[in-house]
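The paragraphs that follow lead through a structure element by element, and they are best read with the coordinates open alongside. Sheets, a helix pair, a chain contact and a buried position are taken in turn.

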Amino acid sequence: MSREMIAAIARMSRVSLLLFFALAATSLRAQVTADRLTHASSEPQNWLTYSGGYASQRYSLLHQVDPTNVKNLEMKWVFQVQSLQKLESTPLVVDGIMYVTQSPNDVIALDAKSGHVFWTYHFNVSPAARPCCGVVNRGLAILGDTLFMATVDSHLVAIDAKNGHALWNIKVADANAGYAMTLAPLIVKDKVLVGVAGGEFGIRGFISAYDAHTGAEAWRFYTIPGPGEPGHETWKGEDWLHGGAPAWITGSYDPDLNLVYWGTGNPGPDFNISKRPGDNLYSDSVLALDPDTGKLKWYFQFTPNDPYDFDSVQVPVLVDTDWNGAPRKLILWGNRNGFFYVLDRTTGKFLFGRPFVKVNWARGLDDYGRPILTPQPSGTPTFPGQQGGTNWYAPSYSPRTGLMYLSAWEDYSTIFVSVDAEYKEGQHYTAGANTGPIPGGDTPGGQQRGPINTYTEVAGHGAVIALDPHTGEKKWSFDMHDVTTSGILTTAGDLLFTGGREGYFQALNAHTGELLWKANLGGDIIAGPITYEVDGKQYISVAAGHAIFVFALRN
Amino acid sequence: MEIQKLRPLRFLVSSALIAFVLLPAAQALRAQNPPTQYAPADIEYGARIFLTQCTGCHGVNGDQVPGVNLGSGQFRHVFSDSDLRSVITNGIPGTGMRPFNFDPSELAGIVAYIRNMHIFDAGKTKLGDPTRGEALFEGTGNCGSCHRVNGKGPRVAPDLSDIGALRTADLLERSLVDPSAAMLPMNRSVRAVLRNGKVITGRRLNEDTYSVQLIDDQEHLVSLDKSDLREYTVVTTSSMPSYKDKLSAQEISDVVAYLLTLKGVK
């Protein structure tokens, strides 16, 4: 794009800018360029990245569906996947074609308007694959005419988006050693970025980048520094070799700063800190990396020497807003440890943080954001519990309301019990024997439940909460009986869509949290909803149970 | 893959892959299927694989394992071709016969060759040359103007990146000689005329009672509601030319040999 064009675009009004990008997208049909990805949020008819755009706000400019007509939503089509595994996939939608994954690592191309299938791709997963928490995949990335999928046996595969043929397949890590990949890759320029899972298997985590054309590895950043590297001193002896710090959820990217932001998971073993004294960098952190080189620009650690499995793999939500009277580039972060954080994403400076659910493992954060620890006596509940105040469930930020939305677990706790454990390749390395706080009673965990809900109000409950990012103050809360593992979508129609374990797909007023519409989809909603547009009609899609459901306004 | 099945009740065939299961000579034997049911292209392909994969233990003549003579046509536990494929794929636990990871096309070839090795002289057959075949594919054959291989070429015709794992040598040869007869019904082109007169042609990908999905001539994935169509025709003739008179028998064999190397991304 010439300098003159850039200047002309800068002069355009918001509406004409949208029109410009819509037309540009039309003329570029079928070629998803890096430039289109940079401006993904400006072509709301599509859903081009896992989080709907590099800022990961999961906010769409579509507004055909709004609080006045949302009651007229009706189901347009359903696609049943050929798997009984959890369905955690966020689809991509590119110019009327939806791409979705099903367990273990199949890709399906569908007509986004009707759900009819164009092609399927099957990846043969190695029996060595051993993801901790379900043989799941959370979605794809696209660049040009090529889709990219990270597999549960830690391969990265490039697939022709037009016909479903594999173009290349490379091994990222050794599945036998407990490495897995369940995340959607992130495209930055000509590279495909992924991170590994395996924090429960004593891996040494990393984030790595691959040439989109060839699959050649461009760089690898180990989330645990090796000998001689800064941060290695936060580990003792050889603990770092099996210290975990996976990176199992997709990061975000700021094209202006040319930095990717990626959350890291728990140190290992999860629950016995005597096995790994020290801060255990860079576990439970956000890393700001140069996407061209993989060099670390800055980091911020949320939970040093974490004994609770408080992965910090949440999707970094990037927001530009006024801060104390001056514009500032921020990251908003609702952390599994129960605190909501605001960071300056240029420098990593901690701006403030406060709990968004009941927290008793720390009584607050110091001036640098470090938790002031209040470990609970043995045998007593710690709030939040192991699954956290939130987890990997995709959050959302609406520029229209200025609110940050989280799927939260309220009043939820775990009695943490650490035990001894020795590392053995490929075996669980968690060193914990945790229990729920209700003797003999059920407590929600990380997996699905059956059709009868035995998680009573005593064990805690789920909620969608709306936070003011300037204060961390809760503006409203939409409470559910069971917990929620759903992602969240907000739209320019001032709607918030979310699900939950109970299988309800709900539309709330994004300003007030008022329930405006719901549909019982009869199965866990674990993935994030998306919205897109085909032939002038806005569609809203969500995975529930073992199917993709798609809604639009009645004709 | 379509391999004509042996009739197990009529024919007893032997697994010469297994030394200790060879029948005593006195045991009653049944006749083997006539070799004519196996296509020469499959037998040749099987011979090629056999030479590289099997001769280390079984020898060039298939009789190197004591008590096993693959060319004898006498087997004890193996009756059907399916049994033979199973032995090759799964091996025989406790013996030297280990499992082999062959794709369907390779299995078809090996079975065809083993069934015919007593009458087929690999030394006298000029097997197709994949390097020459690739040159023909790109050059004289002009195959790359319609077919895509490993990310190169248009998508109008079927992508051939893994065709060598999906189709037998015989079917590939037939596709080159008589494309319309060999074309899978699923790959047939469709011609749709919308109510506004717009004509859409493309290759069929999926179809149900009310809709059809195709990749059109501009490589767009298109889903059509049949209720929106004025005309809908499935074209039963292939737009691919026959190479029967364009390439020599040896050249066709070369192209088949090349196509058989296309196994897709593993």
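In this predicted model, chain A contains an open sheet of 4 strands, arranged in the order E7-E8-E9-E10 and paired in the antiparallel sense. Strand E7 (141-143) and strand E10 (166-171) of chain A are the edge strands, each of them pairing on one side only, and from one strand to the next the twist averages 20°. Within this sheet, strand E8 (residues 146-150) and strand E9 (residues 155-160) of chain A are joined in the antiparallel sense over 5 bridges, and Ala150(A) is found opposite Leu156(A) of E9(A).

Strand E10 of chain A also has a part in the contact between the chains, to which chain A brings 17 residues and chain B brings 15 residues. On the side of chain A that touches chain B, at least two residues come from each of strand E5 (106-111), strand E6 (117-122) and E10. Of these, E10(A) gives the most, with 4 residues. By class, the residues on that side of chain A comprise 8 nonpolar, 5 polar and 4 charged.

A second open sheet of chain A also has 4 strands, here in the order E19-E20-E21-E22, and its pairing is antiparallel. Strand E19 (317-323) and strand E22 (350-355) of chain A each have a single partner strand, so one side of each is left without a neighbour in the sheet. The twist in this sheet averages 25° from one strand to the next. Between E19(A) and strand E20 (residues 326-334) of chain A, which run antiparallel, there are 7 bridges; Asp320(A) has Lys329(A) in E20(A) as its bridge partner.

Elsewhere in chain A, the loop between strand E14 (217-222) and strand E15 (252-254) holds Gly244(A). Is this glycine, Gly244(A), buried or exposed? With 33 other C-beta atoms within 10 Å, against a cut-off of 20 or more, Gly244(A) counts as buried. Leaving aside residues up to four places away in sequence, Gly244(A) touches several glycines, namely Gly199(A), Gly202(A), Gly205(A), Gly265(A) and Gly268(A), together with Ile203(A), Asn266(A), Pro267(A) and Ser283(A). The C-alpha atoms of Gly244(A) and Ser285(A) are separated by 12 Å, although these residues are 41 residues apart along the chain.

Turning to chain B, helix H3 (residues 81-90) and helix H4 (residues 104-116) pack with their axes 10 Å apart and at an angle of about 115°, which makes H3(B) roughly perpendicular to H4(B). The crossing of H3(B) and H4(B) is right-handed. From H3(B), the residues Asp81(B), Leu84(B), Arg85(B) and Ile88(B) meet Leu107(B), Ile110(B), Val111(B) and Ile114(B) of H4(B). The contact of H3(B) with H4(B) has 6 nonpolar residues, 2 charged residues and no polar ones. As background to such spacings along a helix, an α-helix has 3.6 residues a turn, so residues three or four places apart point the same way.

Helix H4 of chain B is also one of the elements against which the buried residues of H7(B) pack, the others being helix H1 (40-53), helix H8 (179-182) and helix H9 (249-259) of chain B. Helix H7 (residues 169-177) of chain B has 7 of its 9 residues buried, so it is largely enclosed by the rest of the structure. Those buried residues of H7(B) are Ala169(B), Asp170(B), Leu171(B), Leu172(B), Glu173(B), Ser175(B) and Leu176(B).

Conventions:
Residues are numbered from 1 along each chain as its sequence is written. Chains are lettered from A and ligands numbered from 1 in the order in which they are written. This is a predicted model: local features need pLDDT of at least 70, side-chain atom pairs count only at pLDDT 80 or more; totals for chains, interfaces and linings use all residues. Two strands pair if DSSP finds at least two bridges between them. Axes are lines fitted to C-alpha atoms, for helices over the stretch in contact, and angles run from 0 to 180 degrees between N-to-C directions. Angles under 35 degrees count as roughly parallel, over 145 as roughly antiparallel, 65 to 115 as roughly perpendicular and the rest as oblique. A crossing is left-handed if the near helix is turned anticlockwise from the far one by less than a right angle, and right-handed if clockwise. Two residues are in contact if their C-beta atoms, placed from the backbone, lie within 7 Å. Ala, Val, Leu, Ile, Met, Phe, Trp, Tyr, Cys and Pro count as nonpolar, Asp, Glu, Lys and Arg as charged, and the others, Gly among them, as polar. A residue is buried if 20 or more other C-beta atoms lie within 10 Å of its own, exposed if 12 or fewer, and partly exposed in between; C-beta atoms are placed from the backbone.
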